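Trainee: I am new to this structure and should like to understand how its descriptive terms are justified. May we go through them together?

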Amino acid sequence: MLTPDIRLLQVFDEIYKTRSVTRAAENLGVGQPTVSIALAKLREHFDDPLFVRISNAMAPTPMARALEQPVRAALDAANAVFGHRVEFDPARSERTFTISMTDISQLVLLPRLSTYLRKTSPGVHIDVVPLSADTARLLESGEADLALGFMPQLEAGFYQQALFRQRYVCVAGADHPRIRDALTLAQFEAEEHAVVTSSGTGHLILEREIARQGIARRIALRVPNYLGVAFVVEQTDMLVTIPERLAEVLEGRGRFKAFPVPFELPDYAVKQHWHERFHHDPGNRWLRKVISDLLSAPA
């Protein structure tokens, strides 16, 4: 019995990672009909549909899930034997990259990245997904190309690059009745607070230091992300403690005032992370450099 060649396995791998025939074709640099024909051959060989359309995605069947690791092992072995090299031309590429990031990173990075891509790589597209407990799996499988944020839990099997140092500041409405030109620890403890519990940020560092130093905090509101929380503060007397880069983005967009946190609080590194499987991928390497350059440049 003839076995599928390496090109068919590449098609299988891309469809599995992207859950899309169209995106698989884009990533492989071939037409969609070519991918559809290859998928038909795979279905015939394995006597299984392999991928079934559910909503807008191609969901793998149990057979496809069982084949995932053997197929990737075969591709890795073939690449090692043949010294496979993938060319990437950002000016001509139509590749879609998926980045897992916090809402803060979206506010800080996306305007710069979108402007850069429009000028230099108009065919390149970005899909954004939130950081979550599933981020490590997405990076490992290739469903996400990069993850941006504070993720000390990503260790074995992952590379990382520090992008910038981040610290927290306290933000109050410009017309706050009691906080004027400075914020004291006594005021911090006396006022009500809005608290953001977003993952992928230094939230845990902040919570740990407040507990360690025995600082009292009156929490009136908890929200899962930073989008909109500053505007809640603008309309109330609550305080919110947010990363400084977010405060810089908000400056001039509302009636806020920012103050240093009135107790010792370490800063932390915001990093980009990627899986070792894609460390040498030319497209991934290009995107990492673009993001590093954009975030290290003055706003």
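Mentor: Let us begin with a definition: helices (H or I, at least four residues) and strands (E, at least two) are DSSP runs, numbered from the N terminus. Ala74 lies in one such helix, α4, which covers residues 62-82. This is a predicted model, in which local features need pLDDT of at least 70, side-chain atom pairs count only at pLDDT 80 or more, and totals for chains, interfaces and linings use all residues. Residues are numbered from 1 along each chain as its sequence is written, and side-chain values use heavy atoms, with hydrogens and water left out.

Trainee: Why is Ala74 called partly exposed?

Mentor: Buried means under 20% relative accessible area, exposed over 50%, and partly exposed in between (1.4 Å probe, protein chains only). The relative accessible area of Ala74 is 31%, so Ala74 is partly exposed.

Trainee: Why does Asp145 count as buried?

Mentor: Its relative accessibility is 10%, which is under 20%, and therefore Asp145 counts as buried. Asp145 is placed in the loop between α6 (135-141) and β5 (146-149).

Trainee: Which residues is Asp145 in contact with, leaving aside its neighbours within four places in sequence?

Mentor: Contact means heavy atoms within 4.5 Å. With those neighbours left aside, the contacts of Asp145 include Arg95, Phe97, His273 and Trp274. For Ala74, on the same terms, the contacts are Ile6 and Leu9.

Trainee: How is the chain divided into domains?

Mentor: The bounds come from an automatic or database domain assignment. Domain 1 is 6-83, domain 2 is 100-164 + 271-296, and domain 3 is 168-266. The contact between domain 1 and domain 2 takes 4 residues from domain 1 and 6 residues from domain 2.

Trainee: What makes the pairing of Asp127 and Arg23 a salt bridge?

Mentor: A salt bridge is a side-chain nitrogen of Lys or Arg within 4 Å of a carboxyl oxygen of Asp or Glu. The side chains of Asp127 and Arg23 meet at 3.5 Å, N to O, so the pair satisfies the rule. Across the interface of domain 1 and domain 2, the rule finds 1 salt bridge.

Trainee: How much area do domain 1 and domain 2 bury between them?

Mentor: Buried area is the accessible area (1.4 Å probe) that two parts lose on being put together, summed over both. For domain 1 and domain 2 the value is about 470 Å², with 36% of it on carbon and sulfur atoms. In domain 1, Lys17, Arg23 and Arg72 lose the most area to domain 2, together 74% of what that side buries.
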